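Please open the structure in your viewer and keep the sequence beside it, since this tour moves from one selection to the next. At each stop there is something to select and a short account of what is found there.

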Amino acid sequence: RESLMQAPMTRDWLHRLSRCTTSGDMSSLDIPRLAHLLRHCMRAQPVHTDLYRRASKVIGNRLPEVDLNAASTIARAFAPVVIPEQTMAFMKRLARHSAVLIERAPSDARLGDLARLSGAFARAKVHAGPLFCAVARAADPRVRSASPSDLVQLCWGLATSGYAHRPECAALLRHAATVTAEVRFVVALSPTQLVTLASAYAHADPDPRVRVHGAISQCILEARDGSCHLGSATKGPGCKVLKMLRPGQLSALLFALAMPGGPVPPAMIRAVSDELAFRRAQSFNRAQLRQLHLATEVLRIENPNIKNFHLPPELHDAARRAVEEGGANQIPSALALRACAILSDMGEESACEFHVPGTPFFVDVGLPRRVIALELDGYHSHVRSRTTSACKDRVLRRMGWRVDRIAAKPLARDVGRAGDAALRDVLQQVLHRHPEPAGT
């Protein structure tokens, strides 16, 4: 059935089915069948978003009928779809309903349903803190009995949800690390699950992250050297794990190892570098090229003792062009433009979307004479950017820049003279905290 679902003819048929399915048709189905219909229509090419808008109304009216298994299937169906605002409101209702079901009987919730719920809501970028905390509390006592696939998905969902710092989620990730950092557990994973686990623990606390990333690096290097049989998809010893990764997975693995900081085995970096030498630039999309450029530059800056680590020339040029195009197309926020105008009136040299020399990072407002990187947080940012923001701060400070972050949301709400006066006060405080360096 899965192979049939990937066929272009099937996807086109699913699109036509989505178009002709009415609200009355969906109302006539019971909730489990409706959930599976939506799950399969997700594979249509192109996805018919109007079907999901209608489905959100139908399911919203019948929400008390939705059990945890159906909720996980519905969430997985909605997660990859570009969700309009009214459908996002339904997803938030579904998250609250699921959290109530879990809290009512946590021991009855199946680990598979909990893993799928956390993964789906994290993928859809739904702000559902109570749900993620309820999932963590219900799953924590049963971490050792979870299957490898469920545990990897559970860790990824909680870690990338933006709520990994909550005590419940952090505790589960620590307890799961006692299992996922074991070599025998990592060896049982497929290469895809390996990358997912590495990406999950890039957002975790330092101690479990170091242990899990160390076990992953060890298994990949042993499989590369022929002394380890990794994953059920391999055919025997000597499997080249990195060669089995798709371009996006390879860039995600390097990104996961680079972003949190901390020790990265030089042999692991060289192994990824050697594998990238065989990959063509055309096989990576722009987002993956930017991810590669960011990861390699961070590793180069933070690991100066590792020699000859760089992207192949063709891949390096393509990644640099992708970063430059992304920076050129980045539109400064209205608040950043206001800040630059006020700084100009104060006699300060500043620039919006400033590229910090010697680093792969852009900042909202740069003051090169004072060596200040100003970031306006919270207006459009999501809590999942914490790891990347921490990496940016760490690298910029290492390069001698003084980083200051301003809570932008209250300032962005205030417009007119009062808003400009409040923003001017904040900028004056920043300049007072960071006087001009001597000799400038």
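Begin with the hairpin of β2 and β3, which has four residues between its strands, and select V371, which takes a positive phi near 55°. Helices (H or I, at least four residues) and strands (E, at least two) are DSSP runs numbered from the N terminus, and two strands pair if DSSP finds at least two bridges between them. This is a predicted model, in which local features need pLDDT of at least 70 and side-chain atom pairs count only at pLDDT 80 or more, while totals for chains, interfaces and linings use all residues. Residues are numbered from 1 along each chain as its sequence is written, and side-chain values use heavy atoms, with hydrogens and water left out.

Stay with these two strands: β2 and β3 run antiparallel and are joined by three bridges, and G366 has A373 in β3 as its bridge partner. Now select the other hairpin, formed by β1 and β2 with six residues between them, where G358 in the turn has a positive phi of about 80°. Its strands pair in the antiparallel sense over four bridges, and F354 has V363 in β2 as its bridge partner.

Next, select β3 (residues 372–377) together with β4, which run parallel and are joined by six bridges; here D377 stands opposite A407 in β4.

With the four strands selected together, an open sheet appears in the order β1-β2-β3-β4, with mixed pairing. Its edge strands, each pairing on one side only, are β1 (351–355) and β4 (402–407). Neighbouring strands of this sheet are turned by 45° against each other on average, direction ignored.

What lies across β1, β2 and β3? Helix α19 (residues 334–345) does, running at about 10° to β2 (362–367), where angles run from 0 to 180 degrees between N-to-C directions and axes are lines fitted to C-alpha atoms, for helices over the stretch in contact. Add helix α20 (residues 386–398), which lies across β2, β3 and β4 and runs at about 150° to β4. Strand β2 is mostly covered, with five of its six residues buried, a term that means under 20% relative accessible area, with exposed over 50% and partly exposed in between (1.4 Å probe, protein chains only).

Move on to H434, in the segment after α22 (416–433). H434 counts as buried because its relative accessibility is 13%. Leaving aside its neighbours within four places in sequence, H434 is in contact (heavy atoms within 4.5 Å) with R370, I372, R402 and D404.

For the last close view, select helix α15 (residues 247–258) and helix α17 (residues 286–302), whose axes come within 9 Å and cross at roughly 30°. That angle makes α15 roughly parallel to α17, since angles under 35 degrees count as roughly parallel, over 145 as roughly antiparallel, 65 to 115 as roughly perpendicular and the rest as oblique. Among the residues that meet here are L254 and F255 in α15 and L292 and A295 in α17. By class, the contact of α15 with α17 has ten nonpolar, five polar and one charged residues, where Ala, Val, Leu, Ile, Met, Phe, Trp, Tyr, Cys and Pro count as nonpolar, Asp, Glu, Lys and Arg as charged, and the others, Gly among them, as polar.

Finally, show the whole protein chain, whose secondary structure comes to 22 helices and four strands, and of whose 440 residues 53% count as buried.
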